[in-house]
Amino acid sequence: MAVLKITNLVKRFGGLTAVNGVNFEFPEGKISAVIGPNGAGKTTFFNMITGIYVPDEGQIELKGKSIVNVKPDRITSQGIARTFQNIRLFGSMTVLENVMVGMHIHLRSGVVGTLLNLPRVRREEQRAKMEAYRLLEYVGLEQWYNEEAASLSYGAQRRLEIARALAAKPSVLLLDEPAAGMNPRETVELTTLIRRIQQELGISIILIEHDMKLVMELSDHILVLDHGEKIAEGGPGDIRSNPKVIEAYLGKSAVEEEVTI
Ligand SMILES: Nc1ncnc2c1ncn2[C@@H]1O[C@H](COP(=O)(O)OP(=O)(O)OP(=O)(O)O)[C@@H](O)[C@H]1O
């Protein structure tokens, strides 16, 4: 079954069509990847799924229900969380506090309750802290819980972003270039973490990634965009040897030389 169904999706910026009539079904509980050369429309595609951009045409359905024209925070509370290509953490807040920020949609006590320092609010905050700490353990960052987020290594900041996204208890997790800027060891750790999130937490994962080794290793299903259009979809084996995909990445000569990616 599709967790996310995309039908004839279009987004234009002035005269440029960044996403052009894309159809795709993301399978539930699996790892899917959206790949394509620079400027292919991947981020624009993500931004429509998360409500940052409203599509000009087409439909996006989360478990059968349209999320077009739904505001980003409502989309998060309906079960879609994401990380960003450029890390967006609160650098001067602690690592633990950053995870707690991701939880706010599930906290019931409002501003008034917080100001009055009600016992119920204190209990809720205590629970939130414990849950945030457990998430830090899950991504392997608990020893830095009280450090400033900005002091973490690049790879650790990326994992913190994932912990913050998990704090929203998503059913779908979108990862925008999670391995960007990571060293090989960090990339291997990230691969293991993404696999665990899918298998242990049952979350459907959708990633945009330029690291083809990671994409081919992790993905059950791949969507390939080029100039805003879907040029291929399938499993890693199909995609790696698809002439249209090779041409989009490496040019026509690579197809003639029978290169695979
Ligand atoms: N807000 C915007 N206004 C105008 N043009 C935009 C906007 N956002 C993206 N574009 C254009 O839309 C096209 C697709 O961009 P997008 O960022 O979605 O591609 P991408 O596949 O994510 O690229 P990359 O891999 O380099 O991040 C590009 O030509 C880009 O310049």
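In this predicted model, the protein chain splits into two domains: domain 1 takes in 1-79 + 170-261, while domain 2 covers 89-168. Where they touch, domain 1 puts in eleven residues and domain 2 puts in nine. On the domain 1 side, helix 2 (72-77) and helix 7 (184-201) are the elements that give two or more residues, and helix 2 supplies the largest share, three residues. As for chemistry, that side of domain 1 breaks down into five nonpolar, four polar and two charged residues.

Next comes the sheet. Six strands line up in the order 6-7-8-3-9-10, forming an open sheet with mixed pairing. The edges belong to strand 6 (80-82) and strand 10 (229-234); each has a single partner strand, so one side of each goes without a neighbour in the sheet. Going from one strand to the next, the twist averages 20 degrees. Strand 7 (residues 172-176) and strand 8 (residues 204-208) run parallel and are held in register by five bridges, with D176 sitting opposite I208 in strand 8.

Two helices pack against these strands. Helix 1 (residues 42-49) touches strand 3 (31-35), strand 6, strand 7, strand 8 and strand 9 (221-226), and its direction makes about 150 degrees with that of strand 7. Helix 7 lies across strand 3, strand 7 and strand 8, and runs at about 150 degrees to strand 8. Helix 7 thus turns up twice in this picture, since helix 7 also gives two or more residues to the side of domain 1 that touches domain 2.

Key. Residues numbered from 1 in each chain as written. Predicted model: local features only at pLDDT ≥ 70, side-chain atom pairs only at ≥ 80, totals over all residues. Domains from an automatic or database assignment. Contact = placed C-beta atoms within 7 Å. Helix = DSSP H or I, 4+ residues; strand = E, 2+ residues; numbered from the N terminus. Nonpolar A, V, L, I, M, F, W, Y, C, P; charged D, E, K, R; others polar. Pairing = 2+ DSSP bridges. Axes fitted to C-alpha atoms, helices over the stretch in contact; angles between N-to-C directions.
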